[in-house]
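Let's take a walk through this structure together, one region at a time. Keep the model open beside you and follow along as we go.

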Amino acid sequence: VRAVIRVIRAVALVALWVLLWGDLTVANVAGGVLVAGFVMVLFPSGASGRVPLRPVAALRFAAYFAVQVVRSNVTVARTVISPRGRINRGIVAVPLQGCSDAVVTLIADAITLTPGTLTLEVVADPLTLYVHVLDGRDLEAVRREVRRLEVLAVRAFGDAEALAGLAVDDSTGWRIS
C-alpha cells in the first residue's frame, strides 16, 4: 500500500510540475521526475505524517478564517484611506499550547494570509508565534484571536494529544459580533 501511495505522490508531483510549466515536453517531464525525487527524499511521508481531519470542525475553522479575512480587509482598507496617524504597528508574542508541526504551520499561514497580520517567526521552545500586526493597540485582543484560531485548528486537525492539551476552549467566541 505504501508503494502505491508513493507512486501516486510522485505522479502527482510530476503532473504539478508540468502544469506549472504549461507545456508537456520530455524536458519538463524529466525535470518533474527530478524535482519529485528530491521532494520525496527531503520530505518523506509516513504514518507519523498523517494529519487527522474532522470535517465539521474543519468547516468551523474555514468559516472563522473567512470571517477574519473579510474583517481584516475592511480594517486595512479603512486604515489605508484614513489619515496616517491611525497605524499602530506592533509585534506580538503569542504562546501556543503544543500543536503538531502541521497545525502550527496552518495557524502561521492563516495569520499571514489575513490582511494586516504577518507571522514573523515560530519558536519551538516554548512554542511561540511572533506576529506583526498593523493595528497593535490591543495586544491581548490579538492574542485572543490567535488563540481562537489555534483552538479551531486543533479541533479540526489536531491529534489526540493536542486535543487533550486544550485547557480552555476559546472557540465559542468564533462568531464575531
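A good place to begin is Gly136, which counts as buried because its relative accessibility is 18%, and the cut-off for buried is under 20%. Please keep in mind that you are looking at a predicted model. Gly136 sits in the loop between β3 and α5. Now look for Gly90: along the chain it is 46 residues away from Gly136, yet the C-alpha atoms of the two glycines are separated by 5.0 Å.

From that loop, let's step over to helix α4, which covers residues 101-113. Its 13 residues reach 18 Å from the first C-alpha to the last, close to the 18 Å expected at 1.5 Å a residue. Which residues of α4 are buried? They are Val103, Val104, Ile107, Ala108, Ala110 and Ile111. If you look down the axis of α4, these buried residues fall within an arc of 160 degrees, so they line one face of the helix. Turn to the other side of α4 and you will find Asp101 and Leu113, which are exposed. What do the buried residues of α4 pack against? Their partners are the helices α3 and α5 (139-157), together with the strands β2 (117-123) and β3 (128-133).

Since α5 is one of those partners, let's follow this helix for a while and look at its charged side chains. The model has a count of three salt bridges. In one of them, Arg143 pairs with Glu140, and their closest N and O atoms are 2.7 Å apart. These two residues are three apart in α5, so about one helical turn separates them. Both ends of this pair are partly exposed: Arg143 has a relative accessibility of 25%, and Glu140 has 44%.

Another salt bridge joins Glu145 to Arg148, with the closest N and O atoms 2.6 Å apart. Here too the spacing in α5 is three residues, which puts Glu145 and Arg148 about one helical turn from each other. Are the two residues buried or partly exposed? Glu145 is partly exposed, because its relative accessible area is 22%, whereas Arg148 counts as buried because its relative accessibility is 16%. The 20% cut-off for buried falls between these two values, so the two partners carry separate labels.

The salt bridge between Arg147 and Glu150 has an N to O distance of 2.9 Å. Arg147 and Glu150 are three residues apart in α5, and so about one helical turn lies between them. Both Arg147 and Glu150 are buried.

Now let's travel back to the start of the chain. Helix α1 runs over residues 2-21. Its 20 residues should span 28 Å at 1.5 Å a residue, and the end C-alpha atoms are 29 Å apart, so the two values agree. After α1 comes Gly22, which has a positive phi, near 85 degrees.

Our last stop is on the surface. Leu34, Phe38, Leu42 and Phe43 make a nonpolar surface patch of about 500 Å². Where does Phe43 lie? It belongs to the loop between α2 (26-42) and α3 (55-81). Phe43 counts as exposed because its relative accessibility is 55%, and the cut-off for exposed is over 50%. With α3 we also return to α4, whose buried residues pack against α3.

Terms used
Residues are numbered from 1 along each chain as its sequence is written. This is a predicted model: local features need pLDDT of at least 70, side-chain atom pairs count only at pLDDT 80 or more; totals for chains, interfaces and linings use all residues. Side-chain values use heavy atoms; hydrogens and water are left out. Patches are made of residues with over 30% relative accessible area and no salt bridge: like charges are joined within 9 Å, nonpolar side chains (Val, Leu, Ile, Met, Phe, Trp, Tyr) within 5 Å. Accessible areas come from the Shrake-Rupley method with a 1.4 Å probe; for residues, only the protein chains shown count as cover. A salt bridge is a side-chain nitrogen of Lys or Arg within 4 Å of a carboxyl oxygen of Asp or Glu. Helices (H or I, at least four residues) and strands (E, at least two) are DSSP runs, numbered from the N terminus. Buried means under 20% relative accessible area, exposed over 50%, partly exposed in between (1.4 Å probe, protein chains only). The expected span of a helix is 1.5 Å times one less than its number of residues. The arc is that of the directions from the helix axis to the C-beta atoms. Contact means heavy atoms within 4.5 Å.
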